[in-house]
Structures are given as structure tokens and as C-alpha cells.
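Let us walk through this model chain by chain. Keep the sequence and the coordinates open as you read.

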Amino acid sequence: MNVYIKNILRFCIIILLQVLILNKITLRWWSEPSHFPIFIPYVYLLFILLLPFETPVWALLIIGLALGLTVDTFMNTAGMHACATILVAYLRTNVLSALLPRNLSEYSGQHPSIKSMGWMPFLVYSGFLIILHHFVFFTIELWNFTNIGFLLLKILDSSVTSMLFIIVYLLLFTKQNTSRI
Amino acid sequence: MRNFILFIRRFFNLILFLGLEIVCVILISRTNTLQGNDIISSANTVAGIIYQKQSDLVYYFGLRKMNDSLLNENAQLRKKIDLMHSVDTLKDSVVHVKLKEEDTTKHIVKYADYMYMTARVINNSTNASDNYITINRGSKDGVGKGFAVISGTGIVGRVEHVSARFASVLSVLSAKQRVSAKLKNGTNGFVIWDEKGPDILTMIDVSKDVNVKKGDSIFTNNFSLYFPPDILIGTVIKIEEEKKKGMLIISLLSSTNFHNLQYVYVVDNKMALEKKQLEDSTSKK
């Protein structure tokens, strides 16, 4: 399949998944202490993470803006998701080139995945960017530094949960090698 | 000039990045004023239609619960009508808008400050710092910015963005909004939400001498520009004392169940504009 069509389809699927299903799930790790934060898992960032290796940075930034604003439109948070997503889109290339053994231009035609990178580098890559995204997003959303413990807790448990959802998504939608040797 | 172009080329990505971030920050800061943009909100037509479709799909699963809540509400309203039956309501009334009465044979003047219309909730959130509800009524149906939204059991929020067919409502579960409220004995205060969970609201600015007990009801008062008075907000579950200011912090169990809102009423206060103009003109001096 053409790389453009594939990514446009993935954009729609991820947005609908995020907006119509995941936004309705309210999670809380622990319900006893009443101040434990509630959150929803954000997986839409996965779209930026899975774009092909050779996507130039300016394109990543524009796509990040479009993705962020789309999510913002649905969640009434004008600009907050876009702000965090653009930051992640900007840093993606740097993180990738720091993690991969070879130069990025040598991976033409591939996109970051467990198959092309291996489990550990991919988890570090997505984990780092997701924590960054959640950090920026929740800081802007709360904008209240009187209760930093609450903020950090919210960032931590929310990013761990988002990571779990992302891993599940990858396990579901990665094509398995059908030809066995 | 050449150097300048080279500089731009070299740092093009960084410049673009900073430019886009500035756009975002402007967007964020503009939504914090109330006349923010309507396009990037779920009152937007595309988002509205998608939410409408989803709501159509899951609508049937909640019908049974909705039936029960409507029956309960009917019973409550009947009780209220019975109370009104033998009372001269016009005797101690303040200023009221006259209702248009087509039928001139009855020589009764009717008054109403508040107009109610029903709306269906097509999207709902309870887990963000500022929660929004999208409803399927817009400016075509006469919904405007600032209209109050209540449910059968209590208050819900205030309309913030309006498009032709949809509107998004900032719910009470938001740091941006405080509702003036009163205790059973008439003491006034404010109800806010401090993210303790979607059922728990907090009432502040109540002096500690006031006699409050667990289980007391909290209602809206007449001060609010939007909410009609005497709408239930919640019941007291915990009373703490703030040592520094000598004020009480009262935790309330919200009477509205924000998890399964299906239908709400949008309330248009006919007197709001006049009252606001008067209050603004006196506060300017």
C-alpha cells in the first residue's frame, strides 16, 4: 500500500480510537485516597511515533500541529494537545538518531516499529517521548503549581498506562511474519 | 542578506517549531478568556456530527436508566406543583418578563424569568481539568453563550461555545467556573471543583460559625446571572475547618451524576442581560 494512504488511514483510525473509545474510559489506579488522580490514556501520539524514518522535521511539525489541533477540537482544549505534540514531533528525529546504531538515511522505506528497531530501543524511544508529551500536556492543563506531587503522580501513572495501551495497539496491528523458516 | 538567508535555511526547523509553539500558546491563552474561538471546540460541526453519530449508537443502552430518572423528576415536579397550588405567587414577586399569551379569553397575566429547552448530551467528559459536555442544540434553537445547563437532578454547567447546531458546555467540574450557592439556612458561598473526583464538589467561603450538618442540601442562590435559584447542587458529606482564614471547607456529593448524563435542560435567563448591564454600570464607577 502506498505510504501516504496508509498513514492517512492510520491518522483517521487513531483519532477515532482516541476520541470515541479511549476518551470515554476514566482510569484511576487506586480509589481509596480520594486525591489520587483520574486520567485517560492518550495513544494518538503513536501516529507521530510511527511515521517513516525519513520524514523531514518540517513535515513532522506540520503533521504534529494538525494532529494536536484535531484532538483539541474534540476535547475542547484549544492548543494544549497541539503544543505538546509539536514538541514531540520536533524532538523525534534527535531521539531516533541517538538510539539507532546507523544513520537515519540508511533506513529508507521503513518506519519505527518493534521489528525494525527491536523491543528495547523502541520502548525507550516511545516511552521517553510519551513521558515528555504527558509532562508538557498536564503541566499546561493544570497550570497550578501548588500541588506538584499530584501533577507528577498524574504524569507518571498516565504515561505508564498510555504505554501499556500503545504496546497493546502494536501487538494487535503489527503484521506477523507468516512465512516461517 | 546572503547570510540572513543562510541563517534561515540552517535554523528553518527551529524557527518553524518556535513559530508553531507560539501559535499554540496564543490559542491556549485566548480560550481562557470566555470569548475564545468556537472553531477549535467540540461545538464545531464536524466534531459535533461525529459525536452525534456515536451518541446515536450508544443511546439505546441508557434508555432504561433515563426512564427511571424522568419518572423521579416527574414525581418531584408534581410535588412542587401541589405546593404552589394555593399560594399567591405574584404577591411578593420581583420584576418578571410577561409571557406572550395567545389566548386572550383568559385574563390572567403570566410571568417567567427562565425559559427551558431540552437537549441531548452527545459527548461528555469527566476526567480532564476542565470538563466539557457537547449538546445537540445550537444557535438555531436559540442557545446562546452563557446559558445555564441543568439536569433533572441538579446543576450541570454553562454554555461556552455555540455553533449552528451544537454547543459545548463547560461543566461544573472545572477549575474555571465557580457557582454561587447557599446553604439551607440562606448562608451564601461558592461551589468549586478541585479534582477530587467527578462526584465531589467543594463549597468555600462559609464562615465557621455557620451551623452545617452532614446530609444538608446545598442550592443555587439568586446571585447567579445564569442559574435559576433553588436548584439542588449536592449534599454535604464532609466538613473541614481551614485554620488560617477561619472558614469552612465543605465537601459535597454532587446531586447530578456526571457519568451518565443523557438529557439536560438549557436555561435562558431573560433577565440576565439587563441585570448584567446594571451590575457592570455600577461597578465601573
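Helices here are DSSP runs of H or I with at least four residues, and strands are runs of E with at least two, numbered from the N terminus. By that rule, chain A has seven helices and zero strands. Read from the N terminus, its elements run α-α-α-α-α-α-α. The model is a predicted one.

Start with the overall form of chain A. Its radius of gyration is 17 Å, and the globule rule gives 16 Å for 181 residues. The two values are close, so chain A is as compact as a globular protein of that length. Along the principal axes, the C-alpha atoms of chain A fill a box of roughly 55 × 35 × 30 Å. Of its 181 residues, 34% count as buried. Now take the contacts in chain A between residues at least 6 apart in sequence: 66% of them join residues at least 24 apart.

Next come the helix pairs. Two packed helices are described by the angle between their axes and the distance between the axes. Take helix α3 (residues 57-75) and helix α4 (residues 80-99) of chain A. Their axes come within 8 Å and cross at roughly 155 degrees. Angles over 145 degrees count as roughly antiparallel, and therefore α3(A) is roughly antiparallel to α4(A). The crossing of α3(A) and α4(A) is right-handed.

Which residues make the contact between α3(A) and α4(A)? From α3(A), they include Val57(A), Leu60(A), Leu61(A), Ile63(A) and Gly64(A). Further along α3(A), Leu67(A), Gly68(A), Val71(A) and Asp72(A) are among them. On the α4(A) side, the list includes Met80(A), His81(A), Ala82(A), Ile86(A), Val88(A), Tyr90(A) and Arg92(A). By class, the contact of α3(A) with α4(A) has 14 nonpolar, five polar and two charged residues.

A second pair lies further along chain A. Helix α6 (residues 119-142) and helix α7 (residues 148-173) of chain A pack at an angle of about 140 degrees, with their axes 9 Å apart. Why is this pair called oblique? Roughly antiparallel needs an angle over 145 degrees, and roughly perpendicular covers 65 to 115. The angle of about 140 degrees meets neither condition, so α6(A) is oblique to α7(A). The crossing of α6(A) and α7(A) is right-handed.

The residues that α6(A) brings to this contact include Ser126(A), Gly127(A), Ile130(A), Ile131(A), His134(A), Phe135(A) and Phe138(A). They meet residues of α7(A), among them Leu151(A), Lys154(A), Ile155(A), Ser158(A), Ser162(A), Met163(A) and Ile166(A). The contact of α6(A) with α7(A) divides into nine nonpolar, seven polar and one charged residues.

Stay with α6(A) for one more residue. Leu123(A) sits in this helix. Is Leu123(A) buried, exposed or in between? A residue is buried with 20 or more other C-beta atoms within 10 Å, and exposed with 12 or fewer. Leu123(A) has 15, so it is partly exposed. Leu123(A) and Ile167(A) are 44 residues apart in sequence, and their C-alpha atoms are 8.7 Å apart in space.

Now move to chain B. It has five helices and twelve strands. Of its 285 residues, 30% count as buried. Among contacts in chain B with a separation of 6 or more, 59% are between residues 24 or more positions apart.

Two aspartates in chain B deserve a look at their backbone. Asp205(B) is not a glycine, yet it has a positive phi of about 65 degrees. Asp205(B) lies in strand β8 (residues 200-207) of chain B. With 17 other C-beta atoms within 10 Å, it is partly exposed. Asp230(B) also has a positive phi of about 65 degrees without being a glycine. Its place is the loop between β9 (217-220) and β10 (232-242) of chain B. Asp230(B) has 10 C-beta neighbours inside 10 Å, so it counts as exposed.

Last, bring the chains together. How many residues does each chain give to the contact? Chain B gives 28 residues and chain A gives 28 residues. On the side of chain B that touches chain A, α2 (12-32) and α3 (45-58) of chain B each supply at least two residues. The largest share there, eleven residues, comes from α2(B). By class, that side of chain B has twelve nonpolar, 14 polar and two charged residues.

Definitions and conventions
Residues numbered from 1 in each chain as written. Chains lettered and ligands numbered in written order. Predicted model: local features only at pLDDT ≥ 70, side-chain atom pairs only at ≥ 80, totals over all residues. Contact = placed C-beta atoms within 7 Å. Nonpolar A, V, L, I, M, F, W, Y, C, P; charged D, E, K, R; others polar. Rg over C-alpha atoms; globule rule 2.2 N^0.38 Å. Axes fitted to C-alpha atoms, helices over the stretch in contact; angles between N-to-C directions. Parallel < 35°, antiparallel > 145°, perpendicular 65-115°, else oblique. Left-handed = near helix turned anticlockwise from the far one by under 90°.
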